[in-house]
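Here is a colleague's note to read beside the model. Keep the structure open and find each residue as it comes up.

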Amino acid sequence: ILASYTVSDVVTLLLIYVYYMIRSGKLIPSRKDFLNLPEEFYLNPGDLISLDIRNHEEASLASEQLMMFAKGHGFDNRTSFHASLALQELADNIIEHGFTNTQSPDNMIDFRAVYKKDKLVISIRDNCPKYDVTAKIAEVNAEGSDPGRSIGIHIISKTASNIKYLNTLEMNNIIFELNNTVFGQEC
């Protein structure tokens, strides 16, 4: 009986191996073959940028790279500029107001931009105290608010679509999408 458990596990593993070998047409299947994910799940090379931001200079460089990335994927100059400006404003606000000790090596902003299906999805994650950007956007867009305050938040709310905020594992996550727009209106 004990030997049958071991034999059945070995036979199952061999059958899985043979199945994937036949399906992939390779003698040694890759890790990708074992994941069995659809092709649209994967990104094309060049459709992702990922950077760590720790100070204002790196925020400026990331902002410039985002503008070039957006232009390189067919976004118009205005949308590319507003995406860049949104990143710059968010990163500068995080550095200025969120980093408790600006010299600490623990301060971190993880920035990623992904181009997928004619959309640019931007993710900004930081390890600062909890700050819900979507609540601030609602406050800034409320009637009677001073239009001269929080210009960066105002630009983000007009440029981005589908803005989400998550606080997981004590990290702020801001995710927003950009379409090829002219300051808040579809082209």
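1. Start with Lys-119. In this predicted model, Lys-119 is partly exposed, with a relative accessibility of 32%. Its side chain forms a salt bridge with Glu-177, and the closest N and O atoms are 3.3 Å apart. Lys-119 belongs to strand β3 and Glu-177 to strand β5, so the salt bridge ties together parts that are 58 residues apart in sequence. Is Glu-177 buried or exposed? Glu-177 has a relative accessible area of 17%. That value counts as buried because the cut-off is under 20%.

2. Look for the other salt bridges. The whole structure has three. One joins the side chains of Asp-110 and Arg-112, at 3.0 Å from N to O. Another joins Arg-125 and Asp-110, with the closest N and O atoms 3.1 Å apart. Here the partners sit in separate strands: Arg-125 in β3 and Asp-110 in β2, 15 residues apart. Asp-110 takes part in both pairs, and Asp-110, Arg-112 and Arg-125 are linked in a network. Side chains of opposite charge can pair when their charged atoms come close.

3. Check how covered the members of this network are. Asp-110 is buried, at 5% relative accessible area. Arg-112 is partly exposed, at 36%. Arg-125 is also partly exposed, at 29%.

4. Now trace the sheet. In what order do the five strands lie? The order is β1-β2-β3-β5-β4, in an open sheet with antiparallel pairing. β1 (48–53) and β4 (161–168) stand at the edges with a single partner strand each, so each has one side without a neighbour in the sheet. On average, neighbouring strands are turned by 15° against each other, direction ignored. Strands of a sheet pair through backbone hydrogen bonds, either parallel or antiparallel.

5. Follow the pairing strand by strand. β2 (residues 109–116) and β3 (residues 119–126) are antiparallel and share eight bridges. Within that pair, Val-114 stands opposite Val-121. β3 also pairs with β5 in the antiparallel sense, over seven bridges. On this side, Val-121 has Glu-177 as its bridge partner. Glu-177 is the residue from point 1 that forms a salt bridge with Lys-119.

6. Move on to β4 and β5. They pair in the antiparallel sense over six bridges. One of these positions sets Thr-168 against Met-171 in β5. The two strands form a hairpin with two residues between them. Leu-169, in the turn, has a positive phi of about 50°. β5 is mostly covered, with seven of its eight residues buried.

7. Add the helices that lie on the sheet. α4 (residues 77–98) lies across β1, β2, β3 and β5 (171–178), and runs at about 5° to β3. α5 (residues 133–141) packs on the sheet as well, touching β4 and β5. The direction of α5 makes about 135° with that of β4.

8. Look into the core. How many residues does the largest nonpolar core have? It has 34, and those with the most contacts inside it are Leu-66, Phe-111, Leu-120, Ile-122 and Ile-124. Elements giving two or more residues include α3 (56–72), α6 (151–159), β2 and β3. The largest share, seven residues, comes from α4. In soluble globular proteins, nonpolar side chains tend to be buried together.

9. Use Phe-111 as a way in. Leaving aside neighbours within four places in sequence, Phe-111 is in contact with residues including Ile-49, Leu-51, Leu-66, Leu-87, Ile-122 and Ile-124. Ser-50 and Ser-123 are also among its contacts.

10. Step back to the whole chain. The chain comes to six helices and seven strands. Of its 187 residues, 33% are buried. Among contacts with a separation of 6 or more, 57% join residues 24 or more positions apart.

11. Finally, weigh the confidence. The chain averages a pLDDT of 83, and 90% of the residues score at least 70. Among the elements, α3 has the highest mean, 94, and strand β7 (residues 185–186) the lowest, 48. Over residues 182–187 the pLDDT is below 50. Beyond near neighbours in sequence, that stretch has 15 contacts in the model.

How values were computed
Residues numbered from 1 in each chain as written. Predicted model: local features only at pLDDT ≥ 70, side-chain atom pairs only at ≥ 80, totals over all residues. Heavy atoms only, no water. Pairing = 2+ DSSP bridges. Helix = DSSP H or I, 4+ residues; strand = E, 2+ residues; numbered from the N terminus. Axes fitted to C-alpha atoms, helices over the stretch in contact; angles between N-to-C directions. Contact = heavy atoms within 4.5 Å. Salt bridge = Lys/Arg side-chain N within 4 Å of Asp/Glu carboxyl O. Buried < 20%, exposed > 50% of the residue type's maximum accessible area, 1.4 Å probe, protein only. Core = buried A, V, L, I, M, F, W, Y, C linked by side-chain atoms within 4.5 Å. pLDDT = per-residue confidence, 0-100.
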